[in-house]
Amino acid sequence: MRKRLKKDQLADQVEGDGPCETDISRLICGFLQEEDEKQQISIIKQITAAAKTADAQTGEVSLCIQVLVNAYLHMAARIPKKRALVSCLQCFGSIFKEEIKDTLKEQICSMLLGVGNNPALKQIRDLVDMLHSLSENFPIGELCVLEIYVEALEFLARALKQFHQDTEINKSPIERKERMHDIMTAVQSVTKIGQKCLKPISLELYEGRNKASLLSSIKQICESVTDILADDTFLLDCRVTCGIAVPLIVKICCDTEAVAMVINLISPNVKSYKLIENQSGALLKGGTEWLVARFSDALNRDTLPLVSYACLCHGVLAVLTEDELLTLLGDEKCLLVDVLFAELETFCNRMSDATTKLIVSRTLVLWTTRACSILASLPANMQLQFQGNYHVSDTLLQYVWTHWENPIDAVKHQSKVIFENCIKLHLLATKEDPRQSTFLVTLAEKLIHSNKHLKGKYASLSCLVEYVGTKALIKVEPNLCQDLLEVLSEQAMASHASELLEKLFIDHQMELDCAINVQEVKHLWLTTWVDPVLEGLCTGCKQLKTQLIEYVLPKLLRAEPYCVQYVITTITKQKHQGDNSSQLGALMTCLKRAKSIGILKTSPEEQEKWNEVVPVFVLRAALCHSDDQVRLDALGLLCENPKTTETINSTDFELVKFFLPLNMNSQSPAFRQTMLAFLKRFLCRVKESGQVLYRTLKCKKMESSPATKILELYKVFLHWLLDHIFSCLHPGAAFSRRTTALGALTILTEILSDQHKVQTLLECLVDTFEDNKRSALKVLSSLSTEQMGMQNQEKAVEILTACLQLVYSTKPQDCTTAAYLMKLVLRQDGIYKTLLQFLETFTSIGSEQEKNDSTELDADKDGECPLEIDRTDQTSFISEEHDNESHFAKFVTEYERAFQLWLEILLVHLSRQIETARRNLLHAAATGPLYPVLHCVRLLLDDMDLRSVALPEKWKKLLEQLLNLCFKVSDIVLPVVSHSSPEGNIPEDEDILSSGLTEGTTEDDKDDLGKKGIAVKLMPEYLVVCCWRCVKEASLLLGQLTQTAPIKREEDAAGGLLSFQQILSIGEYFKKQLLESIHRGAFELAYAGFIKMCHTLWR
């Protein structure tokens, strides 16, 4: 609220009493009124452009600067809008830079002074972020820091103290970690200010008027960071930041005595360095007794954690200058080598946990990097220590050998950096040619002959390749390429070995480019690197081939495009040497990879050689090869192309037409899936290149041209493909053939328009495999009602009638077919009116079923009336539709109305089946099982989003009826699924055989119903299947409803379709099923539904 008021006040100041006079003022007003961040950034860019030509005489510019500065200071850190404001403020003319700096200074001081005695931690963190951002690529902000460092350090000292105190209170781990991040940001801010203002702060401490307050702030900061270092529970990054702050404080307070203080801090045993007694040093030394006392107390080496001590060494390396690191200690010793490296060496022998290893590796990387940059400044006799086979080099290399396979990725990668820096140090110290270095060649030989399963050795060899060259390594090991390819067959080693292999053949190519005889050296390169790879593709194991294709082949082809022609020539020479099947696979692989990376160009004309590289008969042989992968590679070669708008020639079409009939019935699911993926890419290319050709013809208005012939070629191929797909959908077609055809047809959905094909697809809905049903429905759903031929209501009524007949089938797959047919019909235009017409025949259908069941639907003996369709409600739909169609359409869609009406019809049928089952469950299991209707309802509800329905009251009634019917079904079948009788036997218990008989049933009725159960007893599995599937469908349906239907909350009187009491009833149902069901299938499906309900309740 405070920021909002401030923003409104600034807007009033900019607008004043009249309209804004300048472009900047108008833009500022727009910036303050805009809420969208993207729009604000756009306005800031416009302000930036206007600022470059701003008039210094205009008073509004100064006010606009105040607004921009205020907005910058109150924004969150590291957001795009803040970076845009920095650029904007920097773009003001040089005459405004001083004003911007003064405005920043004034507002920052006001904000820091406005902090009370007990500010909120969030407010402190915001101010810390604000100070931290002043030094992040903001030159004017850095100038401002130079003038307010006293106030800034005073505030940061208070912030650190408060953050640190908050970590000591009993907090949760998350809250404590958050405070540690706050501390890290505050210490980073202190470090930035200290580095930018090092000399001004030192002078102010020596003779400034703010000496007392500044010294007090520094003491407080020093106390906080040393306490943090002494606490082993703090995060590593937090302690690393504090480790940098400590030597910085030493440099600020001790000036010329800084190195001596650092040595006494990290290595008190070094006595050879004498403190320089000069006037300045003596005064500073006398004023820093508190610092010595603080270090000896909080940073005592005997009690300081090893990690914190390593952080201190890291900070010293990061803060001290080159001259300070090279300070001589006497006896030809220096701080960098004889103090810091000696301490790091002891760390290497004391590392035990992951945190210690991480900070030590970071520090070693920093040490080697600083050593490389200052080695030339060392005396010649001291440079000898950095040569290979000397103590420093041996220690670093030993560390690398030990940690190059460390499970911590950071340590592993830093070991590689240390190794590379070690090589640089050797070369800088010896000043020798790296390709003539005996030490490096010996090191390479040692690595090459080490264990091939050491992953770290490949990264180290990659570093050495840059210095000694590939020729030297091949001289050491002539079979180096073959050895690396052997390692590639292991998945864990493939990426490491392939990186080294790439380095080798690229470096070798560069070495050979300098030769005079180009052809000879090119042949040498090809035989050295390509021949072993080709041999691996032809004769290697499957794992090796996979790794070669993924890791090596693309890199090899990019390095030398001539490899493709070389491979073709080599394989052609080998084709007469026995079976050439493996060579053919290698050729397809190379051609496919070459085409995918753009090396192999597509030829638009039909020629004897495909794309002028390989004969067409070779591709035909690959397309009908016995190996699945060879066939897929050949198909991928035809279908994949980097540029999807390139035209396709007749040769490619003929080859695809040759391939498809031979592979439509493949028994491998992976093969079919990959084949369809390739076909989809091919058809996408047909579509996109065809669109380009069509636009070309349209622009040039040419009736006859090559483009016309190509488009005709496209049309012929698509018609052939469509006819071939439907020829594979004939009755009795194998599952694999039908699945492949339906998958291809799904891709061709946009082109499918022949109505005589619809019947073939409808027959696919009867397929016993649900995947095929799903694919057929997907294709049929994309057709219009006219294409489906359902603009005539009679066909829709015919399908709906068939659906109701299928829900009485005892075959489980028939109810799935019925559900998919229902899904299809309900998606047609005008289906609501069709359903109203269907209601006219509904009574006769019900009567016929009653006659078949020999059951009369009277009122329930408990007083419950059977379900009836609310025809009044349906009539109101029609009248309202005619009266106010446009208004009504906003609230109720035709699909939802049709869905509700069809659901009512299904529930009526379910109630009739329940009545039959109550009289005789055996008879119901054989003539009209209960589960098909539940199954259809469950699948249909997948298509309805119950969270955004237009008629919630109607849905509440329907769902209430559905729940009650589910509970009734459960009560009827529970005695069977909870009975201990083995599956396949009819329980002889009287209460199960006559579980649904009411008291009013006569003896004649019982005899009649008993006679009709004789057929069921001949096939007893009918009863068990019916009962456990009823439990399955009821459980899954109830679980689905709890997930998809919104639940009414107490505070929301109007919302929700399910009440809390209904959820409790569903829970009671699951509890009863899980406790009483003995049938394994019924129990497992009840458990699945129960889990769905639990997920909903947990959310």
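**Group meeting: a mostly helical predicted model**

The protein averages a pLDDT of 82, and 84% of the residues score at least 70; pLDDT is the predictor's confidence in each residue, from 0 to 100. This is a predicted model, so local features need pLDDT of at least 70 and side-chain atom pairs count only at pLDDT 80 or more, while totals for chains, interfaces and linings use all residues. Residues are numbered from 1 along each chain as its sequence is written, and side-chain values use heavy atoms, with hydrogens and water left out.

Two stretches score low. Residues 843-867 stay under 50 in pLDDT, and the model gives them 31 contacts beyond four places in sequence, a contact being heavy atoms within 4.5 Å. Residues 871-891 are also below 50, with 20 contacts beyond near neighbours in sequence.

Overall, there are 55 helices and two strands. These are DSSP runs numbered from the N terminus: H or I of at least four residues for helices, E of at least two for strands. Of the 1099 residues, 51% are buried, meaning under 20% relative accessible area with a 1.4 Å probe, protein chains only.

Now helix 21, residues 391-403. What span should its 13 residues have? At 1.5 Å times one less than the number of residues, the expected span is 18 Å, and the end C-alpha atoms are 18 Å apart, which agrees. Its buried residues include Leu396, Tyr399 and Trp401. Among the elements covering the buried residues of helix 21 are helix 18 (335-348) and helix 22 (409-430).

Finally, cysteines. Cys334 is buried at 0% relative accessibility, and Cys764 is buried with a relative accessible area of 0%. Counting pairs of cysteine sulfur atoms within 2.5 Å as disulfides, the count is zero.

Notes:
Buried means under 20% relative accessible area, exposed over 50%, partly exposed in between (1.4 Å probe, protein chains only).
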